[in-house]
Amino acid sequence: MTPTATEQPVEYLFPPEEGVITSMAIEDREGQVICVEYRDNAWVIIQPFEAVASQATVEEAATQAGALMILTQLEIDPDQVGLKDPAYTITAGLKDGSSMVIQ
């Protein structure tokens with residue numbers, strides 16, 4: 001009998017059924033923020049100032065964020081392991097109108 005590999009279902013940080021990422025805001029613990037949004041078929045910076053973003057760079061970041069897989073889920077209290085105050089908070093807006101916050 002030949003053993004066969006068992007594949008675990010793939011779970012993504014941003015579930016594909018929620019839609020693609022249409023905005024991203026990254027805030028550090030000092031309150032500095034950069035926010036980009038997909039508007040009129042182009043990525044634009046909307047905070048801390050308004051400008052056209054580097055399309056390739058932001059599209060690559062959104063695509064890579066959308067491909068992040070959850071490998072292991074830990075049941076821990078963030079306070080007990082020194083993660084109470086995250087270095088960054090990322091808020092991703094999704095095409096279906098919902099948003100997700102990652103710390």
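**Exercise 1. In which loop does Gln32 lie? Find the loop, then describe the surroundings of Gln32.**

Solution.
The model is predicted: local features need pLDDT of at least 70, side-chain atom pairs count only at pLDDT 80 or more, and totals for chains, interfaces and linings use all residues. Residues are numbered from 1 along each chain as its sequence is written, and side-chain values use heavy atoms, with hydrogens and water left out.

Step 1. Gln32 lies in the loop between strand 1 and strand 2. Strands (E, at least two residues) and helices (H or I, at least four) are DSSP runs, numbered from the N terminus.

Step 2. Gln32 has a relative accessible area of 56%, so Gln32 is exposed. The classes are buried (under 20%), exposed (over 50%) and partly exposed (in between), with a 1.4 Å probe and protein chains only.

Step 3. Leave out residues up to four places away in sequence. Gln32 then touches Ile26 and Glu27. Contact means heavy atoms within 4.5 Å.

Step 4. Take Val101, 69 residues apart from Gln32 along the chain. Their C-alpha atoms are separated by 16 Å.

**Exercise 2. Work out the strand order of the sheet and say which strands stand at the edges.**

Solution.
Step 1. The open sheet has six strands in the order 4-3-2-1-5-6, with antiparallel pairing. Two strands pair if DSSP finds at least two bridges between them.

Step 2. Strand 4 (51-52) and strand 6 (99-102) are the edges. Each has a single partner strand, so one side of each is left without a neighbour in the sheet.

**Exercise 3. Follow the chain from strand 2 to strand 4.**

Solution.
Step 1. Strand 2 and strand 3 run antiparallel, joined by five bridges. Arg39 has Ala42 in strand 3 as its bridge partner.

Step 2. The hairpin of strand 2 and strand 3 has two residues between the strands. Asp40 takes a positive phi near 50 degrees there.

Step 3. Strand 3 (residues 42-47) and strand 4 are also antiparallel, with two bridges. Ile45 has Ala51 in strand 4 as its bridge partner. This hairpin has three residues between its strands.

**Exercise 4. Place Tyr12 in the chain and state how exposed Tyr12 is.**

Solution.
Step 1. Tyr12 sits in the segment before strand 1.

Step 2. The relative accessible area of Tyr12 is 30%, which makes Tyr12 partly exposed.
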